[in-house]
Structure formats: structure tokens, C-alpha cells
Amino acid sequence: MKQLISLEVNGDVHEIAVEADATLLSVLRDNLELIGTKRGCDSGGCGCCTVHVDGKAMYSCMMYAVSAQGRKITTIEGLGTEERIDPMQEAFVKEGAVQCGYCTCGMIMTAKQLLHDNPHPSEDEIRHGIAGNLCRCTGYHKIVEAIKTAAGNGLPHMKGQ
Amino acid sequence: MTNLNVVGKSVLRQDAYDKVVGGKGFPVNVSLPGMLHGKMLRSPYPHARILSIDTSRAEKLPGVKAVMTPKDVPQIIFSPIFFMPADSMAIHRDMLILSDTVRFAGQPVAAVAATTAAIAEQALSLIDVEYEELPAVFDPEEAMKDGAPEIHAGVKNNIRATPSFGAGDVEQGFKEADYVFEGTYETQRVHTCYMEPRVCVSDTDSSGHITIYSSIAHLFGLRERLAYALGLPVSKVTVIQAPYIGGSFGSKLDLAYIEALSALLSAKTKKPVRLEHTRYEDFICNARHPMKVHLKTGVKKDGTITARYASTLCDTSAYSAHGPEVIMVHAYFGLMLGYRAPHTKWEGTVVYTNNMPGGAFRGYGAPQAAFAVESQIDEICEKLGFDPIEFRLKNTPRQGDPHPFNPEWKLGGYALDQCLHKGAERMGWANRAKAGSASGTKKRGIGMAAHPIWVSGCVGFPDIYEHSGAIIRLNVDGTAYLSSATMDIGSGQNTTLCQIAAEELGLKFESVRLAPGNTDNLPFDAPTHASRVTYSSGNAVKVAAADAKKNLLEVAAIVMEANAADLEVRDGMISVKGAPARAMSVADVVKRAESPFMVVGAEGPTPTTLKEKGTIMGISSVAPPANASPAVAEFVEVEVDTETGQVKILRAVYAHDLGRVVNPAAAQGQVEGGLQQGIGYALMEKMLFDPDTGACLTSDFLDYKMPTAVEMPSKIECIFIESNEPTGPYGAKSLSEACLIVPAPAIANAIYNAIGVRFHSLPITPEKILAALGKL
């Protein structure tokens, strides 16, 4: 039995009919075609589906779409585009933190939350901050460097970008 | 080779911006009009015969468009692996798309296509299957015993293959030794854990032609294998190249059930059909083969190896698939070729069990081997007081030596000595403390492992594809498109191939772009596997670019009234050597070649010559002349908490002779990612199964633990040694797999150095450490 819900995603309000058990992830991908949010496991284990809900990073596979009503949702598409790129996205590109790229969008959403809560994290704090997001390609080394860069405490030539 | 402009630079990868803003190009995003969604019904039993399947209730569910059971699919026996010809005499064929015999828990028995994935899922619960359960066996040693369940009819004691090879007289060799070392080393089943699930969409037209979009690491392999399994000519299948896929690490190199079933469901419904694995389905799709290696080494007092004997037991699982191949690569390039001995012998056994299928995983049998070989060398050096660096150098080949796999090849550029010495110096190896001498509860140790001989592709392997092709096309704006059927699985090869093309063409890197194609319009390329792409596909790209450049300069010579031999291209400008003022841009030359025959200028129409007309292109389809071996050594420092059994990796120094670094940042990324997979293999990853039902118990990331950012060391140091391999493009040879072959033994040896305890099986978990320390 579907129900009509109203979802605010990246500043746009959508009226959508969803099943009661539809996850926010499936509605973002399948109904709204916001394909930057990735399905990696559907069980809260990988972090590929991370989005911001009311400014907090959440696994969208672990949240029902009906529970997201009345809350502000931001996906990677709302964070930045190639024309108006977010400094975190730019840092991931410049530091070589992207390999296969499937974990990347979720990782960036988590990293944004991390710097929002703690603008100048230590390396240890960065590593613990992204421990809920898995990556199988990079060994996380360049991801950590990118987050340091975005925090303004990375490589000198990156400062101010 | 100091005048390189593009090769050797850390240019930004071409797909990075696309991936950070959403990653449109992943196959998981493919959606076609009218598309149906498929799901597979999987057997709960590890070994059973299907007595009947009743699909009538499922077919009545609104939204269900087709149901497939074994009787609806071609009963053509195939092997799923891509890198050998489908009809090869050397391949073991024993699989069906859907069979009335189930041989592992989770094997598909039926499939549904419906208007939504939810309806398809619901329909599965309405299919009634009557099974006759058969006895199952999961331990390969039990499977070989008389009276064990017969898994494939007529295969005695479930022994699929018993390959062997050797040289000299190994018994004599052990007699000549002053010391003989012997041990058994066991490794576990681990999963590649690519992040993008396996997914495909098949679309069949009215003539029966199948177009398939898939998260696959070998376009032509999927075309050939899908056609074979369906009983179609290859020309009836078109595989579309995705711009990139979300990881593979070897896993996406064989025909999956989803691809065959989506094609059949699409043919039946005349609609596009999409199937996507759940993470559980990905976990039971394929995995690294667990192996048990018995290794025996004879050594003289001066450290010379006199004899090497090894035997390997490989659980190939319910089907042959990669098993009979992986054990050969394991034996030659993992166990035996790296260290010289006058007398050698190896014996392998490949055994069927009722376990989930084995597959390819970065390193293809070598990580299992290196754990045995490099652990035992550490034991030998410890016991006899040899320096582990000098012992290795004494028993390994040098630059200029014949290649141990094929003496017709030379180790042209080969610098294992530099890997060992530079790595040792950076790690501070000379200050290594005596094993087990650390005080306190947290004990530190350093260890190392090497891998002297590995591959750059598969040239010289029986019945394995290796040739590559490329097409370069120049545009009127002075840019070039590169087309290649290799799949970028994440390593950044599309970028490095464009660097090679730009270097050869004399263009800026930004002027070359990889243009995806499909199996109808691309030349064949072997899979993205065996660390082959930079060396082998890179070679083909360089040949195609040289061909395009020759054609470009011939047109330029006419227009510029010069000899083509006197012209050079640099940064998109063509000039006469020694007279840089006589120059013309590549764009202007291509424009001239592409222009109408009669060019209208201010002075009226001017005819151009026929010789300068036509699209400027280059094309190649070649195999490299040899199989260059990289050389590698890794040094790690660990800290073992003797109270908790936890091992922390503090630092890793990785030294690799890769011939030439095409893109240093991308190369570092390979090392860092390989270390993550290696730490997982050494310390934490292991697939677990219910001992009674064979059901996978580690089928999501909550139960299957791989390293997060917290488990990784903050210091990963890469030393790249450029030996300039004569047969590689700009001197390059391979990198990727070696990065995962050496970490586990290096970590095991470092743990030994820290606490004085040797482990002979992976993973080295806190439980094993505490038990070994007498604390459990």
C-alpha cells in the first residue's frame, strides 16, 4: 500500500508515492534518479549511500523514506556540480583520492559532516570519522590527505583553494 | 629517456570530476525504457537434485512477465572464465545456466522478470521447488576420501586435476643439502569486495540480437562466453563498454548467472531486463581459492638452495571455473620461479567440494604461495643466521638473466636488488631487533617479504588471450580520441593509456580522451587482469598512436612542403626539426585532411590533393613480445598488543621495479590499495560458512570485516625503481597484483619478529595470537 509523501531534496520539494518499507536510498535513486547516492550493501555496512539529513550524515539505506518527511535532505548532487564544485570534491580530485569512485560520493558526504563538526581534525580523528565508509581501492591514504587538504591543513600549495 | 612530456607526470585522472559529483557512468545506473527487473531463486541446500519446480503461482502474480527454470534454458555445458577461448581443449567445462542438480548453497534454480524488483522478489516466494537432498562435503581433504559424496558424475574422489612439474632430481637435491626445512601453510577464502554490485541489463531485439550493459572487466570475454552458453554465434551479442566500473580486483572476469539469465529473460519478454546482485549474492558469486601448501626447501651452509619441493591442495569448489588455472599460476609464478634451485618438483591437487565458486582475485594464486615461500625463507634465515636480504639475492635472478619461465625472454630491466636494498635502508632494516626480544606488553617488530618473479599479462601461457588493440582518431580541433576495449576497473588505466597516446602523438595530455565503444566497433582486447594493461594494452596504444602520427606527418609534409621524416610534433605543434619557425598546428593539418576537396578561400576555390584527404587515424592489434617480470619487496613495522592480541601496522615501505612510472599518483594508489587488501588477508578477512548447510555466514560488511581507515598505517612509503624494460611502452611493466602478493608474508614475518611466534595459517587473528602466547 503506497502513501504519498513530500520530500525536500537539495532544496526541491517532491511529492512521491512510496511503499511504507521503501528506503530513502531507493527513493533517491529509483524515484528521483539522484544516482550519485550509491547502493553498496543495503545493510548499513559500507557507507556508499551516505547523504545529509537535516545536516547530519546518514546511511540512506537504513532510513525509511516516510521517516525523511519534513527533513532537509542533501545528496552529492546538492553539494556541488562540476561547474560549482565543493572544495571537498575538488580536494578528492586533486589529491588522487578517487579510484573506482563507487564509494566516493558517500565518503565525501561523510567527510563534509566531519569537518562541519570538527573543522581542524587530527589525522586520527579523520580516520575514525570515516571508519563507517569502506573503500577497497585506495587504502584510504589519499582520502585522508584530501580531507586534510579540505580542512586547510594539508599540502601548502592546496591552501586557499 | 629524459625528454618525456606526459609519461611520468601525475596528471589528474580523466574521470575524477565526474565521479566526485555523482558518477553517472557506472553500469548500475543503466536504465532503459520499458525495462523489467529480474531476481533469482537460490537453493537453500548445498547438494540436491531438483525433482520438480511449479511456477504456476508465481506466473499468476500481476506484474510477472516471465519465469525461467532449468527446462527453459539451453543445457550447454560451459566454463565461465573469460581469458581462455570458450571451446579451448585446455578448459574444464562443467556449468549450466540453470541445472537440475545443485552443488552449492545459493546456486540459482529459477529466475523471474517482473515490472518491479519488489514484484520479482515476491514471485520467488511463490515458486515451489521439490528437492531431493544429497550428502554434501565442504572440506577438500574429506572430499578426496573414498566414499565421499560424488559431486560431479564420474569424477573419482572429486579430484578434478592433478598437475605437476619439476626439473632435476629433487630427492638428490635434498641429499645435497646441509639443512632441510619443511612446513605447511594454509590460506583462507576471502572476497574481493568490489564496491559496485554486479549488475547487467540485457536488451534483445526482434532478430534475437542481444545488447548487454554489464559491470564486467572484459567486454570480449562476456561476448564470447554469453554467446557460447546460449548457443549463439558471437556476432549475435554486443557488449557495451561502460566508461568505468566500481572495482573488480579479478571478480568480474567470468560469466555470472545474472548475465545469462537477463539475456534469456529479455529474449522471452522482448523487453530489456535488469538484474543486480544483492551484497549477499556478490559474496557468494566468487572468492579467492583457499589453499594448503606443503613446502620443503634444501639449503647448503653457504645459503645456496639445493632443492625445492611443494604440493598444493586447492578447493576449486562446486565447479572448476578458475581452479585448474589458478593453481598453475600459483605454482609457477607464486611458488617456484622466484627462487632458483637445481632440483625442483611441484604437485597440485584440484578438488571439488560443495562450497561456493572460486574466482579470480588480484594475484591469482600468488598470495597463497608467497605466504608459504616468504614465511619459510624467514624461518630459514632465522634458524641459520642468514641476512634475509642477502639470502634472497643469493638465490634469485639478476638483470640480463634468461626469464625462468621462458629462457627465450631476458629479464631486460630487472632490479630486485635495488628493491631489497633501498627498501631495507628506508625501513632501517639494519637496526632490526632480535625476534621476540621486545619488552613490555606492546611489542614492535619489523618484517619483509619479496616476490622476485611475476607477470605483465599472459604472453606465453597456454591458451590464454593476450593481444590488445587500439584506435586513435584525430579531430579537427587538434585533439585525439583513443578507443580501447580495456575496462577501467578503478586503477586509472584510461588516464595512463591516454598519457601514453599523448606522449607518442606529441599532444598535450588534455588533448587526448578515451572514447568508450562496444564489441561491434572496438578491436579485441584481453581482460583487465594479470597486471597487464599498462604493459600490454599500453603497447598497443603506443603502436596505434605511432601509426596515427605517421599519417599525420605525411599530410603535414604535403601541406608544409617538407619531408615527413624532417617533421616533429610537440605540444600540438608540428615543426621542421631544427627550424621551429616552420610550424603548423596539428589542428590545422587535421582540418586540411578533413576539409572538402575544394577549399574556398579569399582567392576563390583551391583544389587540395587526394593524398592529403581523409580522417587521420591509427590502429593496432598486437601482443607484446615478452612477459616482463616486475620485482618487489615490502617492509612493514607492526605493534602486537600481547594483552589483546591486536596487531597494528605502524608503517609500510614498498619497493617495486615497475620499469617506468607512467603516473606516480596512480601508481601510489595501487600500492596503498593493495596494502589494504593485504592487511585484510593477513589479519582479519575470512569467509565463514555454516558447517551443516554450507550457507555463507559472512555475506555483508557487518560480518565480513575488511580494513577501515583506522586499521591502515598513516605511513605508506613507495619506492618506484625505473629499470626501463626494453619490451614495455616507454619502459613500463606491471604493478597492480604484486602490491597484494607481499603484504601478508611481510606482516607475518614482522609479527614473528615482534613476539617470536610463527603462524602457518591466515588470517592471524587476535584469538590465534593470544592462544599462541598461552593466554587463551
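User: Let's start with the place where the two chains touch. How many residues of chain B are in contact with chain A?

Analyst: Take two residues as in contact if their C-beta atoms, placed from the backbone, lie within 7 Å. By that rule, 42 residues of chain B are in contact with 41 residues of chain A. Keep in mind that this is a predicted model: local features need pLDDT of at least 70, side-chain atom pairs count only at pLDDT 80 or more, and totals for chains, interfaces and linings use all residues. As for labels, residues are numbered from 1 along each chain as its sequence is written, while chains are lettered from A and ligands numbered from 1 in the order in which they are written.

User: Which elements give two or more residues to the side of chain B that touches chain A?

Analyst: Elements here are DSSP runs numbered from the N terminus: helices (H or I, at least four residues) and strands (E, at least two). On that side of chain B, helix H1 (16-20) and H16 each give two or more residues. H16(B) gives the most, with six residues.

User: And what is the chemical mix on that side of chain B?

Analyst: Ala, Val, Leu, Ile, Met, Phe, Trp, Tyr, Cys and Pro count as nonpolar, Asp, Glu, Lys and Arg as charged, and the others, Gly among them, as polar. The side of chain B that touches chain A divides into 20 nonpolar, 14 polar and eight charged residues.

User: Back to H16(B). What is its span from first C-alpha to last?

Analyst: For the expected span of a helix, take 1.5 Å times one less than its number of residues. H16(B), residues 664-684, has 21 residues and reaches 30 Å, close to the 30 Å expected.

User: How many residues of H16(B) are buried?

Analyst: Call a residue buried if 20 or more other C-beta atoms lie within 10 Å of its own, exposed if 12 or fewer, and partly exposed in between, with C-beta atoms placed from the backbone. In H16(B), 18 of the 21 residues are buried, leaving the helix mostly covered.

User: Let's try helix H6 of chain B. What does H6(B) pack against?

Analyst: H6(B) covers residues 219-230, and its end C-alpha atoms are 17 Å apart, in agreement with the 16 Å that its 12 residues should span. Of those 12 residues, 11 are buried, including Phe220(B), Arg223(B), Glu224(B) and Tyr228(B). The buried residues pack against strand E11 (210-214), strand E12 (237-240) and helix H7 (257-269) of chain B. Just after H6(B) comes Gly231(B), with a positive phi near 75°.

User: Now strands. In which sense do E9(B) and E14(B) pair?

Analyst: Two strands pair if DSSP finds at least two bridges between them. E9(B) (residues 179-186) and E14(B) (residues 291-299) are antiparallel, over eight bridges. E14(B) also pairs with E15(B) (residues 305-317), in the antiparallel sense over nine bridges. Follow Lys296(B) in E14(B): Glu182(B) stands opposite it, and so does Tyr309(B) in E15(B). The hairpin of E14(B) and E15(B) has five residues between the strands, and Gly303(B) there takes a positive phi near 95°.

User: Finally, what does each chain come to as a whole?

Analyst: Chain B has 19 helices and 29 strands. Its radius of gyration, taken over C-alpha atoms, is 28 Å, close to the 28 Å from the globule rule (2.2 Å times the number of residues to the power 0.38) for 776 residues, so chain B is as compact as a globular protein of that length. Chain A has six helices and five strands. With 161 residues, a compact globule would have a radius near 15 Å, and the 16 Å of chain A agrees.
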